[in-house]
Amino acid sequence: MTQRVDLATVMDRLAIDDVITGYAVAMDDADWPGFRALFTPDGRADYTAAGGIEGTAPEVADWLAGTLRPFTVRQHLIVNRRLRIQDLGGYPGDRAELRADYLSPLRHESGEDLMSGGGFTFGLLRGAEGWQLRAVAVQEKWRRSSVPARLG
């Protein structure tokens, strides 16, 4: 590979990392227009393995907005990212898949804490707008809930 191709791959990796971080931040900040903007026009997300829905980005954004509304504290940590960019004979392509683990601590307005963890699979496409999500699938592996102790 030439240095130019290596630089393009690094730039792609950084741009894709920005999209994935934007996904987590949009959920944490309840930025649903920003969430929708991360997707291609035909992008879809599947939360059925975590007890949710599967649908278009706007449908899933509306569902997430309602589901996450009672949580006053939200944090989605997307870690252990494993990225594979399509290889076109030694050159970066316009498709990528990123698999990652997540940890999501939440605090309900009642004071109850909820923590879950699992994995994401993100399918990405590079288009005129740059890298965007084409598909997202979540696989929840565990969940823990705790009710705060009551004094007196």
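What follows is a walk through the fold, one helix and a few individual residues of this predicted model.

Start with the overall layout. The protein has three helices and seven strands, and along the sequence these run in the order α-α-β-β-α-β-β-β-β-β. Along the principal axes, the C-alpha atoms take up a box of roughly 70 × 25 × 25 Å. Of the 152 residues, 36% are buried. As for contacts with a separation of 6 or more, 56% of them link residues 24 or more positions apart. The accessible surface adds up to about 8800 Å², and carbon and sulfur atoms hold 53% of that. On the charge side, there are 18 positive and 21 negative charges, and their mean positions sit 3 Å apart.

Helix 3 is worth a look on its own. This helix covers residues 57–68, and at 1.5 Å a residue its 12 residues should span 16 Å; the end C-alpha atoms are indeed 16 Å apart, so the two values agree. Which residues of helix 3 are buried? They are Ala57, Val60, Ala61, Leu64, Ala65 and Leu68. Viewed down the helix axis, these buried residues fall within an arc of 140°, so they line one face of helix 3. The general background here is that an α-helix has 3.6 residues a turn, so residues three or four places apart point the same way.

One of those buried helix residues, Ala57, also turns up in the surroundings of Arg44. Arg44 belongs to strand 1, which covers residues 39–46. Leaving aside residues up to four places away in sequence, Arg44 touches Phe39, Glu54, Gly55, Thr56, Ala57, Arg134, Ala135 and Val136. Even with those contacts, Arg44 has a relative accessible area of 33%, so it counts as partly exposed. Asp28, by comparison, is 16 residues from Arg44 in sequence, and the two C-alpha atoms are 19 Å apart in space.

Two residues deserve a mention for their backbone angles. Ala30 is not a glycine, yet its phi is positive, at about 55°. Ala30 lies in the loop between helix 1 (3–29) and helix 2 (32–37), and its relative accessibility of 33% makes it partly exposed. Asn80 is the other case: its phi is also positive, near 50°, again in a residue other than glycine. Rather than a loop, Asn80 is found in strand 4, residues 77–88. Is Asn80 buried or exposed? With a relative accessibility of 51%, Asn80 counts as exposed, the cut-off being over 50%.

Definitions and conventions: Residues numbered from 1 in each chain as written. Predicted model: local features only at pLDDT ≥ 70, side-chain atom pairs only at ≥ 80, totals over all residues. Heavy atoms only, no water. Helix = DSSP H or I, 4+ residues; strand = E, 2+ residues; numbered from the N terminus. Buried < 20%, exposed > 50% of the residue type's maximum accessible area, 1.4 Å probe, protein only. Contact = heavy atoms within 4.5 Å. Areas by Shrake-Rupley, 256 points an atom, 1.4 Å probe, with all protein chains shown as cover. Lys, Arg positive; Asp, Glu negative; His and termini not counted. Charge placed at Lys NZ, Arg CZ, Asp CG, Glu CD. Expected span 1.5 Å × (residues − 1). Arc of directions from axis to C-beta.
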